[in-house]
Amino acid sequence: MYQRMQRVTACTTTAVLLLVLLCAGPYGVHGMIGLELDQFTLAKLIGGENDLLVQFVSHAYERVQGWDEETELHLSHPNFIAASIHVKEPPNAGVDKTYGLSEADFPTFVFFPRGRKEGPYESISGSSSTTHAHEPFSWAISKSVPALGELRKLASSYVAAEDRDAIRAHAGEIVGQLAEHSHKKIGDVYVKVMDRINAVGPEFLATEAKRVTKLIQNDNTVPKQKRDLRQRNAVLSAFGQQILV
């Protein structure tokens, strides 16, 4: 029986790795929706050519809201994979201890940077009832693409800053250096929000968040538009605006 389980696990691991390779583009893996790993597949992916954001949960119902939507939103990010792992599944016994995690803090999100096989690895914890997936995704993308992390840092101090012009100029320089189209698209949103805050005032953030939320909830909004709107929400959150969806 034990040998049969080992063979089944090995086949499952091989199948997932093949799926990862099939989803690889010219710049590496672009992501998959709803990908779930076992601890053997995770161990093989760590340290490879892709950054990994892994959501550790005890059960499927602990996954934070919006996880699949955010995974779809970030499909265009090269060399970035988002996945979940259920530590209560039989093949994953003890995986939380392997990475120094506590089940009491689940869901926990761990960022495994490409090319680094050994830890320690950075992690943040959330709540299945109050945390939206855009929070861990924004955190991980900021680490995967340092320039976007710098933009997020600039955004966090922008509203209260005395010299917004200097911050805006620095943000523009960063965006000008972004080569990947999907990254530049996000960077453009940052500088446009800064421009609107300068023109209208900080109240723009709340007004814009309500507008974006209404469009996301509208059944007539097509999926691609919803993805762009969720990305806009993630940028608004960097400026300190509470996001509703």
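This report walks through a predicted model of a protein, from its overall make-up to one strand, one helix and two cis peptide bonds.

## Overall make-up

The protein has 245 residues, and 47% of them are buried. Its secondary structure consists of 10 helices and six strands.

Contacts between residues with a separation of 6 or more have a clear pattern here: 69% of them join residues 24 or more positions apart. As for the surface, the protein exposes about 12500 Å², with carbon and sulfur atoms supplying 53% of that area.

## Strand E3 and its partners

Strand E3 covers residues 51-57, and seven of its seven residues are buried. In a regular strand, side chains alternate between the two faces of the sheet. For E3, one side holds Asp51, Leu53, Gln55 and Val57, while Leu52, Val54 and Phe56 lie on the other. Both of these faces are covered.

E3 also has strand partners to look at. It runs parallel to strand E4 (residues 80-86), and seven bridges join the two. If you would like a place to start in the viewer, find Asp51, whose bridge partner in E4 is Phe80. With E5, E3 pairs in the antiparallel sense, over five bridges. Here Leu52 has Phe112 of E5 as its bridge partner.

## Helix H10

Helix H10 takes in residues 223-238, and its end C-alpha atoms are 23 Å apart. Why does that distance agree with a helix of 16 residues? At 1.5 Å a residue, H10 should span 22 Å, so the two values agree.

Several residues of H10 are buried, among them Lys226, Leu229, Arg230, Leu236 and Ala238. The list of buried residues also has an unbroken run in the sequence, including Gln231, Arg232, Asn233, Ala234 and Val235. Which helices do the buried residues of H10 pack against? They pack against helix H3 (67-73), helix H5 (134-144), helix H6 (146-156), helix H8 (181-200) and helix H9 (204-217). After H10 comes Gly240, which has a positive phi, near 100 degrees.

## Two cis peptide bonds

Two peptide bonds leading into proline deserve a look. The bond from Phe106 to Pro107 is cis, with omega near 0 degrees. Pro107 sits in the loop between helix H4 (95-98) and strand E5 (108-112).

The bond from Gly119 to Pro120 is cis as well, and its omega is near 5 degrees. Pro120 belongs to the loop between E5 and strand E6 (122-125).

Terms used:
Residues numbered from 1 in each chain as written. Predicted model: local features only at pLDDT ≥ 70, side-chain atom pairs only at ≥ 80, totals over all residues. Heavy atoms only, no water. Helix = DSSP H or I, 4+ residues; strand = E, 2+ residues; numbered from the N terminus. Buried < 20%, exposed > 50% of the residue type's maximum accessible area, 1.4 Å probe, protein only. Contact = heavy atoms within 4.5 Å. Areas by Shrake-Rupley, 256 points an atom, 1.4 Å probe, with all protein chains shown as cover. Expected span 1.5 Å × (residues − 1). Pairing = 2+ DSSP bridges.
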